[in-house]
Amino acid sequence: MAGIRCARCNVTRYYKPLELREVIGNVTIGEVRVKLRCEHCKSGEWMSAQLFHPTGEQAHTIRFRRLVQIRWEKRVIWRDE
C-alpha cells in the first residue's frame, strides 16, 4: 500500500501500488513524491510518500483511492505570427 500525504493540508490518501504504477510509471517511491500534486492546495512541495503494510485494524479502516479511468485531454495552443 502507498500512503501519499500533503503536509500543508494534512491530508493522507492511500493507493494500490499497481494502480499508481499505471498512472505514473515504474518509478521509486521517492520519485512518486516529486510527480504528484495535492488536489486540494495544488502544491507539490509539501508531498510525502511511503510504502507500508497495514496492520489488521488499519486494513479494515483505510479507504483506498481506486483508479476508475484515465482520460487524455486534447488542448489547442495558438501562436500569432
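# A sheet, a helix and some salt bridges

Visitor: Let's start with Arg 5: which residue stands opposite it in β3?
Guide: Keep in mind that we're looking at a predicted model. Strand β1, covering residues 2–6, pairs with β3 in the antiparallel sense, and the two share five bridges. Across from Arg 5 in β3 stands Ser 48.

Visitor: And which residue of β2 stands opposite Arg 5?
Guide: β1 also pairs with β2, again over five bridges. The sense of that pairing is antiparallel. Opposite Arg 5 in β2 you'll find Thr 12.

Visitor: In what order do the strands of the sheet run?
Guide: The sheet is open, has four strands and shows mixed pairing. β1 and β2 are antiparallel partners, while β2 and β4 pair in the parallel sense over two bridges. Put together, the order is β3-β1-β2-β4.

Visitor: Which strands stand at the edges?
Guide: Look for strands with a single partner, because one side of each is then left without a neighbour in the sheet. That picks out residues 47–51 and residues 64–65. By name, the edge strands are β3 and β4.

Visitor: What angle does α1 make with β1 as it packs on the sheet?
Guide: Helix α1 spans residues 17–24. It touches β1, β2 (11–15), β3 and β4. Its direction and that of β1 make an angle of about 65°.

Visitor: Back to the parallel pair: which residue of β4 does Tyr 15 stand opposite?
Guide: The pairing of β2 and β4 has two bridges. Tyr 15 faces a β4 residue that also meets the side chain of Glu 39 in a salt bridge. That residue is Arg 65.

Visitor: Is Glu 19 buried or exposed?
Guide: Glu 19 sits in helix α1. Beyond its neighbours within four places in sequence, Glu 19 is in contact with Arg 65, Arg 66 and Leu 67. Its relative accessibility is 16%, and the cut-off is under 20%, so Glu 19 counts as buried.

Visitor: How far apart are the closest N and O atoms in the salt bridge of Arg 66 and Glu 19?
Guide: The pair ties together parts that are 47 residues apart in sequence, because Arg 66 lies in the segment after β4 and Glu 19 in helix α1. Arg 66 is exposed at 51% relative accessible area, whereas Glu 19 counts as buried. Their closest N and O atoms are apart by 2.8 Å.

Visitor: Which residue does Glu 39 meet in a salt bridge?
Guide: The N to O distance in that bridge is 2.9 Å. It links distant parts of the chain, with Glu 39 in the loop between α2 (29–35) and β3 and its partner in strand β4, 26 residues apart. The partner counts as partly exposed at 30% relative accessibility. It is Arg 65.

Visitor: How many salt bridges does the structure hold?
Guide: Among them are Arg 66 with Glu 19 and Glu 39 with Arg 65. Glu 81 and Arg 79 make another, at 2.8 Å from N to O, and both residues are exposed. The total is four.

Visitor: What accessible area does the nonpolar surface patch have?
Guide: The patch is formed by Val 23, Leu 67, Ile 70 and Trp 72. Leu 67 sits in the segment after β4 and counts as partly exposed at 30% relative accessibility. Together, the patch residues have about 450 Å².

Visitor: Which residue takes a positive phi in the hairpin of β1 and β2?
Guide: Most residues other than glycine have a negative phi. This hairpin has four residues between the strands, and the phi in question is near 60°. The residue is exposed, with a relative accessible area of 55%. It's Asn 10.

Visitor: What is the phi of Lys 42 near?
Guide: Lys 42 lies in the loop between α2 and β3 and is exposed at 56% relative accessible area. Its phi is positive, in a residue other than glycine. The value is near 65°.

Methods: Residues are numbered from 1 along each chain as its sequence is written. This is a predicted model: local features need pLDDT of at least 70, side-chain atom pairs count only at pLDDT 80 or more; totals for chains, interfaces and linings use all residues. Side-chain values use heavy atoms; hydrogens and water are left out. Buried means under 20% relative accessible area, exposed over 50%, partly exposed in between (1.4 Å probe, protein chains only). Contact means heavy atoms within 4.5 Å. Two strands pair if DSSP finds at least two bridges between them. Axes are lines fitted to C-alpha atoms, for helices over the stretch in contact, and angles run from 0 to 180 degrees between N-to-C directions. Patches are made of residues with over 30% relative accessible area and no salt bridge: like charges are joined within 9 Å, nonpolar side chains (Val, Leu, Ile, Met, Phe, Trp, Tyr) within 5 Å. Accessible areas come from the Shrake-Rupley method with a 1.4 Å probe; for residues, only the protein chains shown count as cover.
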